[in-house]
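Here are my notes on the model you sent. They go through the chain by region and can be read beside the structure.

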Amino acid sequence: MKRILAGILVLLCGTSACTSTFLAGKDGKGYFLGSTSDAAYQRFCASGDLLSVLADTLLPQEIRDKLFRATCSEERSRAAVKELYGQMTPEQRKDLRTAFKRQGYDINYIPC
């Protein structure tokens with residue numbers, strides 16, 4: 001399964017549709033951080049997983065709050081998540097991905 005997801009990401013990067021976030025997968029289903037689909041909302045927000053992930057980071061509270069609002073509020077926005085993620089330092093991005101891993105997610109991240 002991980003090879004399939006990695007292959008999809010390579011294809012996305014090769015076709016200029018690369019994302020600036022990452023794919024977080026659990027129970028065989030993966031979603032890009034910042035996806036506004038109902039399925040991603042259920043996985044990250046309704047389940048409470050994103051709150052657990054954010055609590056498991058060393059990110060400043062302001063970044064946690066903005067990331068949660070951009071992902072889980074009525075005004076959720078892929079562009080806002082991508083912009084916020086782009087403003088984070090490499091260490092903060094790694095901290096976030098690592099927190100997802102500690103919460104049971106598989107992470108597929110390919111910088112483009």
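1. A polar contact here is a pair of N or O atoms within 3.5 Å, where within protein one must be able to donate a hydrogen and the other to accept it. The case that needs this is S77: a polar atom of its side chain lies 3.0 Å from the backbone nitrogen of A80. A side-chain oxygen of S77 also comes to within 3.4 Å of the backbone nitrogen of A79, at the start of α5. Please keep in mind throughout that this is a predicted model.

2. Overall layout. The chain contains six helices and three strands. Their order along the sequence is α-β-β-α-α-α-α-α-β. Of the 112 residues, 38% are buried. Among contacts between residues at least 6 apart in sequence, 58% join residues at least 24 apart.

3. The sheet. Three strands make an open, antiparallel sheet in the order β2-β1-β3. The strands β2 and β3 (106–108) are at the edges with a single partner strand each, so one side of each has no neighbour in the sheet. From one strand to the next the twist averages 25°. As a general point, strands of a sheet pair through backbone hydrogen bonds, either parallel or antiparallel.

4. Pairings of β1. Strand β1 (residues 23–26) is joined to β2 by four bridges and to β3 by three bridges, again in the antiparallel sense. G25 has a bridge partner on each side: G30 in β2 and D106 in β3. A24 stands opposite Y31 in β2. The hairpin formed by β1 and β2 has two residues between the strands, and D27 in the turn has a positive phi of about 60°.

5. Burial of β1. Which residues of β1 are buried on its two sides? L23 and G25 are buried on one side, A24 and K26 on the other, and both faces of the strand are thus covered. Beyond its neighbours within four places in sequence, A24 is in contact with K29, G30, Y31, F44, F100, Y105, D106 and I107.

6. G30. This residue lies in β2, which spans residues 29–32. G30 counts as partly exposed because its relative accessibility is 30%, and partly exposed covers the range between the 20% and 50% cut-offs. Outside the four nearest places in sequence, G30 contacts L23, A24 and G25. The C-alpha atoms of G30 and I107 are 8.8 Å apart, although 77 residues separate the two along the chain.

7. Helix α2 and R43. Helix α2 packs on the sheet and touches β1 and β2; the direction of α2 makes about 100° with that of β2. R43 is located in this helix (residues 38–46). Is R43 buried or exposed? R43 is buried, because its relative accessible area is 19% and buried means under 20%. Leaving out residues up to four places away in sequence, R43 touches K26, D27, Y31, D49 and Y105.

8. The nonpolar core. The largest nonpolar core has 24 residues, and those with the most contacts inside it are F22, A24, L33, F44, L67, L96 and F100. At least two residues of this core come from each of α2, α3 (49–55), α4 (61–72), α5 (78–87) and α6 (90–102). The largest share, four residues, is supplied by α4. In soluble globular proteins, nonpolar side chains tend to be buried together.

9. Helix α5. V81, L84 and Y85 are the buried residues of this helix. Seen down the axis of α5, these buried residues fall within an arc of 100°, so they line one face. On the other side of α5, A79, E83 and Q87 are exposed. The cover over the buried residues of α5 includes α4 and α6.

10. Back to S77. Where does S77 sit? S77 is in the loop between α4 and α5. With a relative accessible area of 23%, S77 is partly exposed. Apart from residues up to four places away in sequence, S77 touches G34, T36 and A70. S77 and G34 are 43 residues apart in sequence, and the distance between their C-alpha atoms is 6.8 Å.

Definitions and conventions. Residues numbered from 1 in each chain as written. Predicted model: local features only at pLDDT ≥ 70, side-chain atom pairs only at ≥ 80, totals over all residues. Heavy atoms only, no water. Buried < 20%, exposed > 50% of the residue type's maximum accessible area, 1.4 Å probe, protein only. Contact = heavy atoms within 4.5 Å. Core = buried A, V, L, I, M, F, W, Y, C linked by side-chain atoms within 4.5 Å. Arc of directions from axis to C-beta. Pairing = 2+ DSSP bridges. Axes fitted to C-alpha atoms, helices over the stretch in contact; angles between N-to-C directions.
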